[in-house]
Amino acid sequence: MVDYTKRFLVAIIMAICVFFIIIGGRAQAQEINIHTATKNWVFPANGIISDVYNTRGGTHKGLDIAGKFRSNIYSVDDGQVEKSYRSTSYGNVVFIKHPNGLETVYAHLNKRLVRVGQVVKKGQLIGYMGNTGDSTGNHLHFEVHNGEWTFDKKNAINPFTVFGKGTTGEMVVAKNHDPYELMEVSGKSQAQ
Ligand SMILES: [Zn+2]
């Protein structure tokens, strides 16, 4: 009887281990998937990082880029326009769904240049930077969602996961996958 109980316990422990190995493997696979899925993305705007992800008590689920009024906003990847409208909070906003299941959001635009259902290419001009909606200065509020956008933004991920880590006050360059690296390279080539 005791032997049977021991075997039973061993079997349970092994089952638990297998369960965590599978779950762990899945979590890792998903992480790698985001990097692979976004490795060719380009940065959506020129400007200076004015706020980062998860600030304001964890409620700010995007990256803020302050640039020139009416400067160009680009789609980060190929996709299809899911929504294009004016809301009280986001102002003029464009939502783009990408073939890999990710969704990006471009808010507070001065003007939207794309309509719902329109197919867009990576780096395509989709609007101009502005200060519409719940915004206190000319900037782009940019969000990345691993899955579809929802009201509670549960699928939101840090845009730095895609573009590498930056900081508030740092200059960023549009249409490059690594918006900071390019500044360093141009600085070096100027020094030569
Ligand atoms: Zn923002």
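A residue is called exposed when its relative accessible area is over 50%, buried when that area is under 20%, and partly exposed in between. These words are used in the legends below, which describe close-up views of a predicted model.

**View 1. The zinc ion and its donor atoms.**
The zinc ion is coordinated by NE2 of His60, by ND1 of His141 and, listed twice, by OD of Asp64, at 2.0 to 2.7 Å. The angles among its four donor atoms run from 52 to 156 degrees, and the site is irregular, because four donors count as tetrahedral only if all angles lie between 85 and 135 degrees. For comparison, the ideal angle for four tetrahedral donors at a metal is 109.5 degrees. Along the chain, the donors of the zinc ion follow the spacing H-x3-D-x76-H. The pair His60 and His141 links distant parts of the chain, since His60 lies in the loop between α2 (55–58) and β2 (63–66), while His141 lies in strand β10 (residues 140–145), 81 residues apart. His60 is buried, with a relative accessible area of 4%, and His141 is buried as well, with a relative accessible area of 6%. Asp64 also counts as buried, at 3% relative accessibility.

**View 2. Strand β10 and the strands that pair with it.**
Six of the six residues of β10 are buried, so this strand is largely enclosed by the rest of the structure. Leu140, Phe142 and Val144 point one way from β10, whereas His141, Glu143 and His145 point the other way. Strands β2 and β10 run antiparallel and are joined by three bridges, and here Asp64 has His141 of β10 as its bridge partner; both residues also supply donors to the zinc ion. Strand β6 (residues 103–109) pairs with β10 in the antiparallel sense over five bridges, with Ala107 having His141 as its bridge partner in β10. A further antiparallel pairing, over two bridges, joins β10 to strand β11 (residues 156–157), where Ile157 is the bridge partner of Val144.

**View 3. Salt bridges around Arg56, and a pair on strands β4 and β5.**
The count of salt bridges in the model comes to five, and among them are those that link Asp51, Arg56 and Asp64 in a network. Arg56 forms a salt bridge with Asp51, the closest N and O atoms being 2.9 Å apart, and the side chains of Arg56 and Asp64 meet in a salt bridge at 3.1 Å, N to O. Which of these residues are buried and which are exposed? Arg56 is exposed, with a relative accessible area of 52%, whereas Asp51 is buried, with a relative accessible area of 14%, and Asp64 counts as buried at 3%. Elsewhere, the side chains of Lys97 and Glu82 meet in a salt bridge at 4.0 Å, N to O. This pair links distant parts of the chain, with Lys97 in strand β5 (residues 91–97) and Glu82 in strand β4 (residues 79–87), 15 residues apart. Lys97 counts as partly exposed at 31% relative accessibility, and Glu82 counts as partly exposed at 35%.

**View 4. Nonpolar cores and the surroundings of Leu140.**
In soluble globular proteins, nonpolar side chains tend to be buried together. The largest nonpolar core of this model has 30 residues, and those with the most contacts inside it are Ile49, Ile65, Ile73, Val94, Tyr106, Ile126 and Leu140. At least two residues of this core are supplied by each of α1 (2–38), β2, β5, β6, β10 and α3 (160–163). Leaving aside its neighbours within four places in sequence, Leu140 is in contact with residues including Pro44, Leu63, Ile65, Ile73, Tyr106, Leu109 and Met129. A second, separate core has six residues, including Tyr90, Val93, Val105 and Ala107.

**View 5. The open sheet of β3, β9 and β7.**
Three strands form an open sheet in the order β3-β9-β7, with antiparallel pairing. The edge strands are β3 (72–74) and β7 (111–112), each of which pairs on one side only. Strand β3 pairs with strand β9 (residues 125–128) in the antiparallel sense over three bridges, and within this pairing Ile73 stands opposite Gly127 in β9. Ile73 is also listed among the residues with the most contacts inside the largest nonpolar core.

Methods: Residues numbered from 1 in each chain as written. Predicted model: local features only at pLDDT ≥ 70, side-chain atom pairs only at ≥ 80, totals over all residues. Heavy atoms only, no water. Donors = N, O, S within 2.8 Å, 3.2 Å for Na, K, Ca; no water. Tetrahedral: all angles 85-135°; square planar, octahedral: opposite > 155°, others 65-115°. Helix = DSSP H or I, 4+ residues; strand = E, 2+ residues; numbered from the N terminus. Buried < 20%, exposed > 50% of the residue type's maximum accessible area, 1.4 Å probe, protein only. Pairing = 2+ DSSP bridges. Core = buried A, V, L, I, M, F, W, Y, C linked by side-chain atoms within 4.5 Å. Contact = heavy atoms within 4.5 Å.
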